[in-house]
Amino acid sequence: MKSLEIFVERIILASRWLLVAFYIGLGIALAFYALTFFIKLWDFASHLTGMDETETILKILGLIDAALIASLVVMVIISGYENFVSRFDNEEEVHWLGQIDAGSLKIKVASTIVAISSIHLLQIFLNVPSYTNEQIFWYTVLHLTFIVSAFFLAVIDKISKKPQKIDLQNL
């Protein structure tokens, strides 16, 4: 019976390597997204002289948005691999990874989503005539939902990392 238990545990532990397919897929998706970034950058550069200040700001915000999304994908790939699959062999190059656990990763992802949402909301506010009041309202509610969610994730993470005090007298 014990050998069956060990066999099942080995299969379960080995299944973590299936995550590598997802991380490689995200890396490929990131390469495709980099192509779309360069297309946006080329479009911005080629129309730069004909744009007014608001259009220029909107284009730059779109590029910043793309950079944040790409950073989010890289964060998920590297941290996910490090936390759930295997440690990197060359610890010197990725020494900062030891500081990102699953809880920290959730907070960083939530913070990045809030930043991305902020950029989208700013783009909407800079282009108000293109949106109805109802659309602006719901975009704002959605953004506030992201903020509240990120806040609660941070609070939960802080509570879970707080050292538990044990009262020996009441045991």
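**Notebook: a surface patch, ring pairs and helix 5**

I began with Val8, which lies in helix 1; helices here are DSSP runs (H or I, at least four residues), numbered from the N terminus. The model is predicted, so I kept in mind that local features need pLDDT of at least 70, side-chain atom pairs count only at pLDDT 80 or more, and totals for chains, interfaces and linings use all residues. Residues are numbered from 1 along each chain as its sequence is written, and side-chain values use heavy atoms, with hydrogens and water left out.

**Entry 1: the patch**

I looked up the accessibility of Val8 and found 39%, which counts as partly exposed (buried is under 20% relative accessible area, exposed over 50%, partly exposed in between, with a 1.4 Å probe and protein chains only). Val8 joins Met1, Leu4, Phe7, Ile11 and Ile12 in a nonpolar surface patch of about 670 Å². Patch residues have over 30% relative accessible area and no salt bridge, and nonpolar side chains are joined within 5 Å. A salt bridge here is a side-chain nitrogen of Lys or Arg within 4 Å of a carboxyl oxygen of Asp or Glu.

**Entry 2: the rings**

Next I checked the aromatic pairs (ring centres within 6.5 Å; planes under 30 degrees apart are stacked, over 60 edge-to-face, the rest tilted). The count comes to five. For Trp17 and Tyr81, I noted centres 6.4 Å apart and planes at 75°, so this pair is edge-to-face. Trp17 sits in the loop between helix 1 (2–14) and helix 2 (19–46), while Tyr81 is in helix 3 (residues 53–84), so the pair ties together parts 64 residues apart in sequence. Trp17 is partly exposed, at 41% relative accessibility.

I then turned to Tyr131 and Tyr139, whose centres are 6.0 Å apart with planes at 90°, so that pair is edge-to-face. Tyr131 is partly exposed at 28%, and Tyr139 is partly exposed at 38%.

**Entry 3: helix 5**

I compared the span of helix 5 (residues 133–161) with expectation, which is 1.5 Å times one less than the number of residues. For its 29 residues that gives 42 Å, and the end C-alpha atoms are 42 Å apart, which agrees.

Which residues of helix 5 are buried? I found Ile136, His143, Ala150 and Asp157. I picked His143 for a closer look: its relative accessibility is 9%, so His143 counts as buried. Leaving out residues up to four places away in sequence, His143 touches Val114, Ser117, Ser118 and Leu121 (contact means heavy atoms within 4.5 Å). The C-alpha atoms of His143 and Val114 are separated by 7.0 Å, with their positions 29 residues apart along the chain.

Terms used. Helices (H or I, at least four residues) and strands (E, at least two) are DSSP runs, numbered from the N terminus. Patches are made of residues with over 30% relative accessible area and no salt bridge: like charges are joined within 9 Å, nonpolar side chains (Val, Leu, Ile, Met, Phe, Trp, Tyr) within 5 Å. Accessible areas come from the Shrake-Rupley method with a 1.4 Å probe; for residues, only the protein chains shown count as cover.
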